[in-house]
Amino acid sequence: AGVPNAKLYIHVFSNGGTFVWEQLTQEMQQLDGKEPSTLSPKDTTLAYLKQRLAGEVFDSSPCYLHFSSGLRAIGHAVPYMVPRLMMQAGFLLVNFFAGVFEMLRGREIRSVEFFSHMSLSAHTCKQMYIYSAADDMLDISKVNEFSSRTRLMCSTFASIRKSTSASASNS
């Protein structure tokens, strides 16, 4: 199964990649203390990944989820007005009702839960954050808040901030 002691570096792009990585890291954390002989094939793979994880690269993420950034993302992705407006209206309705539902259940809304988990998860490897101050999809103040919090928890940390280029989605 490949090189037995190979190090693994994960590069996630935007929130889509970060959501997937967040889920995988939560599942890997749940493996702590379990006997290897009791693991399912999926959990064995996750344990192998966790054991070799040497670094994480967050490219244009994690992005705090504001309604305005979601609407802008749809605006960038859907060029035609009528479908764009329909998708933006659907986005607002779904997120409004999901937020109300979560508040009624006494839980945090997804944007707060996601950002909190990414800020507080156990970072045991090197991390790098790549983002642009010109990226209108990112709330730079939240990225700086997140990266400064994470910097305190990590042994090795790097941040690359490009001040003149826009995000890949805008080029």
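How many residues does H4 have, and how far does H4 reach from its first C-alpha to its last? In this predicted model, H4 has 24 residues and reaches 34 Å, close to the 34 Å expected at 1.5 Å a residue. Let's stay with this helix for a moment. Its buried residues are Arg84, Gln88, Gly99 and Glu102, and the buried residues of H4 pack against H3. After H4 comes Gly106, which has a positive phi, near 80 degrees.

H4 also takes us to the largest pocket, since H4 gives the most to its lining, with 9 residues. That pocket has a volume of about 720 Å³. It is lined by 33 residues, and those closest to its centre are Leu65, His66, Ser69, Gly70 and Phe91. The elements that give two or more residues to the lining are H1, helix H3 (67-77), helix H4 (81-104) and helix H5 (110-120). If you like to think in terms of chemistry, the lining divides by class into 17 nonpolar, 13 polar and 3 charged residues.

From the pocket we can turn to the largest nonpolar core, which has 19 residues. Within this core, Trp21, Phe58, Tyr131 and Leu138 have the most contacts. Two or more residues come from each of E1, H1, H2, E2, H5, strand E3 (126-132) and helix H6 (140-153). Phe58 is a good place to set your viewer: leaving aside residues up to four places away in sequence, Phe58 touches Val12, Thr18, Trp21, Met118, Gln127, Met128, Tyr129 and Ile130.

One of the elements that give to this core is H2, so here is its geometry: at 1.5 Å a residue, the 12 residues of helix H2 (residues 41-52) should span 16 Å, and the end C-alpha atoms are 17 Å apart, which agrees. The buried residues of H2 are Asp43, Leu46, Leu49 and Arg52. These buried residues pack against strand E1 (8-13), helix H1 (14-29) and strand E2 (53-59).

A last stop is Ala133, found in the loop between E3 and H6. Is Ala133 buried or partly exposed? Its relative accessibility is 31%, and because buried means under 20% and exposed means over 50%, Ala133 counts as partly exposed. You can also pair Ala133 with Val143: the two are 10 residues apart in sequence and 9.9 Å apart in space, C-alpha to C-alpha.

Methods:
Residues are numbered from 1 along each chain as its sequence is written. This is a predicted model: local features need pLDDT of at least 70, side-chain atom pairs count only at pLDDT 80 or more; totals for chains, interfaces and linings use all residues. Side-chain values use heavy atoms; hydrogens and water are left out. Helices (H or I, at least four residues) and strands (E, at least two) are DSSP runs, numbered from the N terminus. The expected span of a helix is 1.5 Å times one less than its number of residues. Buried means under 20% relative accessible area, exposed over 50%, partly exposed in between (1.4 Å probe, protein chains only). Contact means heavy atoms within 4.5 Å. On a 1 Å grid over the protein atoms alone, a cavity is a set of points where a 1.4 Å probe fits but cannot get out, and a pocket is an open set with protein on both sides within 12 Å along at least five of seven lines; lining residues have an atom within 4 Å of a point. Grid points are joined across faces, edges and corners, and a volume is the space filled by probe spheres set on the points. Ala, Val, Leu, Ile, Met, Phe, Trp, Tyr, Cys and Pro count as nonpolar, Asp, Glu, Lys and Arg as charged, and the others, Gly among them, as polar. A nonpolar core is a set of buried Ala, Val, Leu, Ile, Met, Phe, Trp, Tyr and Cys residues joined through side-chain atoms within 4.5 Å.
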